[in-house]
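The following exercises are to be worked through with the sequence and the model at hand. Each task is followed by a solution in steps.

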Amino acid sequence: MGKRKKSSRKPAPTRRKDPLDSSFTCLFCHHDNSVTVKLDRKEGVAQLVCKVCDQRFQSKVNHLTEPIDIYSEWIDAADAAEKETRTQRRPAASSSRARPAPPSVGSDDE
């Protein structure tokens with residue numbers, strides 16, 4: 001008993017590669033498909049721009065980078081910036097004492 005010949009096998013069907021999105025929802029104005037990502041691989045720079053609120057982001061690119069990667073970096077950068085502004089604002093210390101009234105300007109009591 002011998003094996004089947006390779007020529008009698010049908011070739012495997014090629015997998016269809018679905019393209020990844022290059023337009024996304026804006027984090028700031030929440031419009032769908034308003035953010036576009038443009039990759040310039042020669043220059044090594046990617047630009048992300050919202051068409052509605054004109055929000056912009058720029059990042060470095062390599063040969064493996066896709067638009068979704070730039071969008072994810074933008075989300076991470078926005079979260080980091082928000083976290084930084086939260087830590088810079090210190091909450092006012094609460095005390096049980098009432099604050100003294102500010103001196104009134106232009107009063108004739110003095």
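Of the 110 residues of the protein, 17% count as buried, where buried means under 20% relative accessible area, exposed over 50%, and partly exposed in between (1.4 Å probe, protein chains only). The model is predicted, and local features therefore need pLDDT of at least 70, side-chain atom pairs count only at pLDDT 80 or more, and totals for chains, interfaces and linings use all residues. Residues are numbered from 1 along each chain as its sequence is written, and side-chain values use heavy atoms, with hydrogens and water left out.

**Exercise 1. Determine the order of the secondary structure elements and describe the exposed surface.**

Step 1. Helices (H or I, at least four residues) and strands (E, at least two) are taken as DSSP runs, numbered from the N terminus. By this criterion the protein contains four strands and one helix.

Step 2. Along the sequence these elements appear in the pattern β-β-β-β-α.

Step 3. The surface exposed by the protein is about 10500 Å², and carbon and sulfur atoms supply 49% of this area. Accessible areas come from the Shrake-Rupley method with a 1.4 Å probe; for residues, only the protein chains shown count as cover.

Step 4. A contact requires heavy atoms within 4.5 Å. Among the contacts with a separation of 6 or more, 30% are accounted for by residues 24 or more positions apart.

**Exercise 2. Establish which residues of helix H1 are buried, and where they lie around the helix axis.**

Step 1. Check the length of the helix. The expected span is 1.5 Å times one less than the number of residues. For the 22 residues of H1 this should give 32 Å, and the end C-alpha atoms are 32 Å apart, which agrees.

Step 2. List the buried positions of H1: Pro67, Ile70, Tyr71, Trp74 and Ala78.

Step 3. Viewed down the axis of H1, the buried residues fall within an arc of 100°, so they line one face of the helix. The arc is that of the directions from the helix axis to the C-beta atoms. An α-helix has 3.6 residues a turn, so residues three or four places apart point the same way.

Step 4. Identify the partners. The buried residues of H1 pack against E1, E2, strand E3 (45–50) and strand E4 (56–60).

Step 5. Turn to the face directed away from the buried side, which carries the exposed residues Asp76, Lys83, Arg86 and Thr87.

**Exercise 3. Classify the aromatic pairs formed by Phe24 and by Phe28 with residues of helix H1.**

Step 1. Rings of Phe, Tyr and Trp (its six-membered ring) pair if their centres lie within 6.5 Å; planes under 30 degrees apart count as stacked, over 60 as edge-to-face and the rest as tilted. The structure holds three aromatic pairs.

Step 2. The ring centres of Phe24 and Tyr71 are 4.5 Å apart and the planes stand at 15°, so this pair is stacked. Phe24 belongs to strand E1 (residues 23–24) and Tyr71 to helix H1, 47 residues apart, and the pair thus links distant parts of the chain. Phe24 and Tyr71 are both buried.

Step 3. For Phe28 and Trp74 the centres are 5.9 Å apart and the planes are at 55°, so the pair is tilted. Because Phe28 lies in the loop between E1 and strand E2 (35–40) and Trp74 in helix H1, the pair ties together parts that are 46 residues apart in sequence.

Step 4. Compare the exposure of the two partners: Phe28 is partly exposed at 46% relative accessible area, whereas Trp74 is buried at 3%.

Step 5. Phe24, Phe28, Tyr71 and Trp74 form one aromatic cluster.

**Exercise 4. Locate the salt bridges and state the exposure of each partner.**

Step 1. A salt bridge is a side-chain nitrogen of Lys or Arg within 4 Å of a carboxyl oxygen of Asp or Glu. By this rule there are two salt bridges.

Step 2. One joins Asp54 to Arg56, with the closest N and O atoms 3.3 Å apart. Asp54 is partly exposed at 45%, and Arg56 is exposed at 54% relative accessible area.

Step 3. Another joins Arg86 to Glu82, at 2.9 Å from N to O. Both residues lie in helix H1 (residues 67–88), four residues apart, about one turn of the helix. Arg86 counts as exposed at 59% relative accessibility, and Glu82 as partly exposed at 40%.

**Exercise 5. Describe the surroundings of Ser34.**

Step 1. Ser34 is placed in the loop between E1 and E2.

Step 2. With a relative accessible area of 4%, Ser34 is buried.

Step 3. Apart from neighbours within four places in sequence, Ser34 is in contact with Phe24, Cys26, Cys29, Val49, Cys50, Lys51 and Val52.
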